[in-house]
Amino acid sequence: MLNFSDLLPYTDVFFGGLMTTIELTLLTTVLGVVLGTTCAAVRQYGHPASQRAVAAYVELIRNTPFIVQLFFIFFGLPSIGLMLSPWQASVIALTINLGAYSTEIIRAGLNNIPKGQWEAAKVLGMDFRQTLTRVVFTPAFEKIYPALTSQCIIVMLGSAVLSQISVQDLTYAANLVQSRNFRAFESYVVTALMYLGLAMLMRYVFAMIGKRVFAFREAQ
Amino acid sequence: MTSLKKLLGKTLLATACLGTAMSAAADVLSDIKARDEIRIAVPQDFPPFGSVGADLKPQGIDVDMANYIADQLGVDLTIVPVTSANRIPYLQTNKVDLVISSLGKNPEREKAIDFSTPYAPFFLGVFGEKSISVGALQDLSGKTVGVTRGSVEDLELEKNAPSDVTVQRFEDNNTTLTAYLSGQVNLIATGNLVATEIAKRKPARAPEAKFMLKDSPCYIGMAKGETALQTEVNSIIAKALAEGKLNDISMKWLKAPLPKGFGA
């Protein structure tokens, strides 16, 4: 009944898809967290007008489906003259999506820093920028690090939707193979295991990074 | 006396048999003319070939074709709406004289019924913007083509297109159509009915048929062995092709001219 050997001729297709998913995830995780950090700082300490702008962005993205955002960027924007390749549209869609969710997560971390820390930094003669980068950010990130990790993994899993606009990611590979050899069960089991492996790998890499970045705890 | 009676009886029987045989041999074309009516099966659920219009009357390519044939024969037309499953049984049980119902030809069907020459185009092909010049699969080299994943045209491209063609696969015909309409792809491989749909939605971006991947035009079906009817129908189709009637029908319903070399 089940026949996994039918998948063997498509090893390259699966591997290509896996690499695309990894590349997209790496790129958009970095871009998305940078965007989220910037927006969180603006939302927390910025000018009231820019605070409102960030709030609007966050609410817009968090309250609409990802696939609609993606289709709007890929199919909708060409109507106003902005033509993006499937790859560009994907990077933008994933980045603004992760950016919005991580803004809220990181803001929660910033909120969590006791007022005393700010006052202590001020007493030591630090200015706003120095306080933020040297005193506030690290413990803030440490607090929300597990939540941020999960959000990045959710975005990686959500990238499966990109196959809808012909990005040749892992899900695209599964769909393609399944439409060629009609081995739906086998194709999707293999794909699910690959996603599972990727998610576990991401959790591991995040944990490793966390260990180094938040090493100051161990020194205490 | 008895032998005379017997002889008479035999003669009567033979005449009766002959009579039956003759009426069976009388061809459908003569029947149509004697009746002054032709019964034609058309689809009612397959636009643009046959569907029910806003005025509740059947309309479409097949209906126009039926009207044209009745006109040419100079007889009244009775439209018999059928589904794709029962169009051939209707013909075999002599409930209709002709089936004009977007009927494609294949060996199984050819065993059961006879076909005319083609009257309407139905094909899978590569379509695209007028400015792009491609005339064959080789010309696609280095270009990007949109296609619906897993469709026959997808498999055709994979099998026969040059290896440096970028094939962008979408989930369904509607997404492929949107990709073309939004300009994300400028060439698509699809059926001519999908191309018609695009031409309807955005006439300015009506795709032009570049070349065919798989040709399966529509034929008129009729009962087997009706040579006279077949000859008559074929000559009517030839006339319609020559005087541009077939092209007019194609322009009206498919928003595209007949493909090059149609009916040749």
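## Briefing: two domains in chain B, and where chain A meets it

Chain B splits into domain 1, covering 27–122 + 217–254, and domain 2, covering 123–215. Do keep in mind as you look around that this is a predicted model. The tour below starts with the two domains, moves on to a mixed sheet of five strands in chain B, and then turns to the contact between the chains and to one residue of chain A.

**The two domains of chain B**

- Taken over C-alpha atoms, the centres of domain 1 of chain B and domain 2 of chain B lie 30 Å apart.
- The contact between them involves five residues of domain 1 of chain B and four residues of domain 2 of chain B.
- On the domain 1 side of that contact in chain B, the residues are five nonpolar, with no polar and no charged ones.

**The sheet in chain B**

- In chain B, five strands make an open sheet with mixed pairing, and their order is β10-β9-β11-β8-β12.
- At the edges sit β10 (166–170) and β12 (208–215) of chain B, each of which pairs on one side only.
- From one strand to the next, the twist averages 25°.
- Helix α6 of chain B (residues 152–160) packs on this sheet, where the helix touches β8, β9 (144–148), β10, β11 (187–191) and β12 of chain B.
- The direction of helix α6 of chain B makes about 140° with that of β9(B).
- Strand β8 of chain B (residues 123–128) runs antiparallel to β12(B), and six bridges join the two.
- If you would like a place to look along this pair, B:Leu124 stands opposite B:Lys214 in β12(B).

**Where chain A meets chain B**

- Chain A brings 10 residues to the contact, and chain B brings 11 residues.
- On the chain A side, the elements giving two or more residues are α3 (66–76) and α7 (170–181) of chain A.
- Helix α7(A) provides the largest share of that side, with three residues.
- Sorted by class, the side of chain A that touches chain B has five nonpolar and five polar residues, and no charged ones.

**A residue to visit in chain A**

- A:Ile154 belongs to helix α6 of chain A, which spans residues 128–158.
- Is A:Ile154 buried or exposed? The answer falls in between: A:Ile154 counts as partly exposed because 15 C-beta neighbours lie inside 10 Å, while a buried residue needs 20 or more and an exposed one has 12 or fewer.
- A:Ile154 and A:Ala199 are 45 residues apart along the chain, and their C-alpha atoms are separated by 8.8 Å.

Terms used. Residues numbered from 1 in each chain as written. Chains lettered and ligands numbered in written order. Predicted model: local features only at pLDDT ≥ 70, side-chain atom pairs only at ≥ 80, totals over all residues. Helix = DSSP H or I, 4+ residues; strand = E, 2+ residues; numbered from the N terminus. Pairing = 2+ DSSP bridges. Axes fitted to C-alpha atoms, helices over the stretch in contact; angles between N-to-C directions. Contact = placed C-beta atoms within 7 Å. Domains from an automatic or database assignment. Nonpolar A, V, L, I, M, F, W, Y, C, P; charged D, E, K, R; others polar.
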